[in-house]
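Trainee: Could you take me through one part of this model in close detail? I'd like to see what goes on where the pieces of the protein touch.

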Amino acid sequence: MYNKKVKDHFMNPRNVGKIKNPDGTGEIGNPKCGDVMHIEIKVEKGIIADVKFQTFGCAAAIASSSMVTEIVKGMTIEEAEKVTNQAVADALEGLPPEKMHCSNLAADALLKAIQEYKEKQK
Amino acid sequence: MKNNTVKSAEIKKIYMDHSATTQTDPAVVEAMLPYLTKFYGNPSALYSIAEESKKAIDRSRETIASFINASPSEIIFTSCGTESDNQAIISIARLKKEKGNHIITTSIEHHAVLHTCDYLQKEGFEVTFLPVDGYGRVSAEDLKKAIKPTTILITIMHANNEVGTLQDIKTLSSIAHKNGILFHTDAVQSIGKVPVDVVEMGVDMLSSSAHKLYGPKGVGFLYVKKGVPMKPFMHGGDQERKLRAGTENVASIVGYAKAIELAKNSYEAEAIRLRNLSRYFVEELDKAVPDVVFTGHPTDRTPGHVSCCFSYIEGESVLLMLDSLGICVSSGSACTARSLAASHVLLAMGIDVTIAQGSIRFTLGHENTKDDIDYVLKHLPGIVDKFRKMSPLYEK
Ligand SMILES: Cc1ncc(COP(=O)(O)O)c(C=O)c1O
Ligand code: FES
């Protein structure tokens with residue numbers, strides 16, 4: 001059902017956990033629907049220096065969270081903001097159609113964390 | 001988190017999904033083969049190889065009928081459990097339309113019954129889906145209250161596929177009969193595991209499927225008590241006393257009877273063995289993993305059936321990790337593993353929807369041993385722990 005890349009990120013997820021004093025946190029989803037994604041970022045000089053996630057969800061949700069953290073680590077905020085759900089799915093070399101919404105969650109949670117960071121800067 | 005990959009040499013194959021389907025018993029395969037290679041004649045034909053296939057169907061019907069205390073003429077072979085359920089429910093609905101349009105079932109049926117009832121609802125039938133208690137049992141009182149003058153059929157499953165709970169069919173069917181209502185039961189998950197006697201249970205119709213009891217896939221039967229009307233929904237030849245047209249699946253029917261014959265000789269001892277194994281499994285799992293919610297009735301359930309929810313995590317991830325270790329289990333119902341909704345059975349039992357997302361079902365069978373369980377117990381706590389540490393719902 002899942003390709004090798006998805007399985008790899010699911011079996012060995014990157015960047016799991018929390019950050020001490022994060023600069024931005026974003027949470028999306030609802031346990032009732034079977035998925036909650038929580039992403040935290042640390043920003044240094046406009047660059048995402050660290051990013052961690054926690055996810056309650058299916059394998060696709062875990063793999064997408066892991067992938068999105070890997071993609072944006074080291075990116076500028078401006079670059080990271082532009083990372084789309086499709087980009088996450090593409091980096092995972094595709095997800096089954098009924099699992100596409102899981103990748104949506106990952107990019108959305110990241111965007112929320114970035115928004116929170118930006119709010120704090122004002 | 002890294003290095004969770006196991007060396008392939010360590011990987012075993014441990015099948016613990018016997019409620020989804022079973023491996024066809026080698027003796028069953030052997031019994032079937034001559035009816036594919038040698039006696040392949042159409043049972044309706046007149047030459048001798050056809051005569052042999054016709055006789056084989058008759059013998060199979062006798063074996064199966066006697067196992068459930070029915071007469072051979074009360075057995076209609078079908079293509080699967082789903083067809084049997086559809087045939088029973090739709091047939092009665094159509095035939096009894098003049099008397100009424102109300103059907104009673106439960107909220108925990110297999111989709112073969114639930115979706116058939118939904119279909120009839122769209123046609124204008126009224127359906128009551130009875131609630132269940134926390135163990136997944138229907139109450140006789142609720143059934144009595146649901147009965148209306150327009151009720152024409154009550155259909156309640158014998159054993160539930162997701163949580164294993166058995167219903168007191170005898171009590172429920174006697175309520176139906178006191179009110180002059182026909183009673184059907186889906187016994188797909190119970191035949192070959194617990195006693196099934198149509199007279200003792202007092203049912204008018206009963207569905208079964210061979211692949212759940214070490215028989216082949218794609219063959220089932222519907223028991224229809226003598227005198228209960230039936231309307232075919234496959235039209236064509238005169239097979240199955242004109243109730244189910246289509247050339248008989250001879251080899252599978254023979255395999256079905258062989259599976260029943262094997263079950264007849266062994267199921268009681270096997271039930272004791274499986275109950276001991278699952279008791280050990282539950283006790284050890286409960287010790288090894290905190291916050292496990294075991295679902296279904298603790299004792300009134302099919303042998304070897306262990307179902308539970310791991311709080312704070314989602315079932316699919318556990319299932320896939322177990323798969324990477326060669327362990328086959330299911331999450332929720334086998335048929336719904338691809339859909340996103342929590343199991344309708346667990347929700348009907350009042351289990352919190354978040355907890356229900358973490359459901360896993362282990363259904364043990366012939367080839368499972370205590371070693372298999374120990375292998376699962378060795379890996380499962382670490383897997384659950386890994387996903388809990390990853391879960392934003394788990395704060396510890
Ligand atoms: C309770 C129940 N009813 C019906 C069915 C359907 O049987 P079949 O797969 O033979 O159509 C199943 C099998 O999943 C079942 O568990
Ligand atoms: S998180 Fe909902 S199905 Fe993937």
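**Where chain B touches its neighbours**

Mentor: Let's begin with one pair: E316(B) makes a salt bridge with K99(A), and their closest N and O atoms are 2.8 Å apart. Keep in mind that this is a predicted model. That pair stands alone, in the sense that the count between chain B and chain A is one salt bridge. Polar contacts add to the picture, with six residue pairs between chain B and chain A, both partners at pLDDT 80 or more.

Now for who does the touching on chain B. Three helices, α10 (315-324), α12 (353-356) and α13 (370-390) of chain B, each put at least two residues into the side that touches chain A. α10(B) gives the most to that side, with five residues. Sort the residues of the side of chain B that touches chain A by class, and you get 11 nonpolar, seven polar and seven charged.

Step back to the whole contact, and 25 residues of chain B meet 26 residues of chain A. Between chain B and chain A, about 2,200 Å² is buried, and carbon and sulfur atoms give 66% of that area.

There's another contact to look at, and this one sits inside chain B. The chain is split into domain 1 (8-23 + 267-390) and domain 2 (26-262). Domain 1 of chain B brings 33 residues to the contact, and domain 2 of chain B brings 32. Their centres, taken over C-alpha atoms, are 28 Å apart.

The two domains of chain B bury about 2,600 Å² between them, with carbon and sulfur atoms giving 55% of it. Three names are worth finding on the domain 1 side: Y267(B), H344(B) and M349(B) supply 22% of the area that domain 1 of chain B buries against domain 2, more than any other three residues.

What about charges and polar pairs here? Between domain 1 and domain 2 of chain B, the count is zero salt bridges, but there are 19 residue pairs in polar contact, both at pLDDT 80 or more. On the domain 1 side, the elements that give two or more residues are α9 (250-288), β10 (305-310) and α11 (344-348) of chain B. The largest share there, four residues, comes from α11(B). By class, the side of domain 1 of chain B that touches domain 2 has 10 nonpolar, 18 polar and five charged residues.

Methods
Residues numbered from 1 in each chain as written. Chains lettered and ligands numbered in written order. Predicted model: local features only at pLDDT ≥ 70, side-chain atom pairs only at ≥ 80, totals over all residues. Heavy atoms only, no water. Domains from an automatic or database assignment. Contact = heavy atoms within 4.5 Å. Buried area = accessible area lost by both parts, 1.4 Å probe. Salt bridge = Lys/Arg side-chain N within 4 Å of Asp/Glu carboxyl O. Polar contact = N/O pair within 3.5 Å; in protein donor to acceptor, adjacent residues only side chain to side chain. Nonpolar A, V, L, I, M, F, W, Y, C, P; charged D, E, K, R; others polar.
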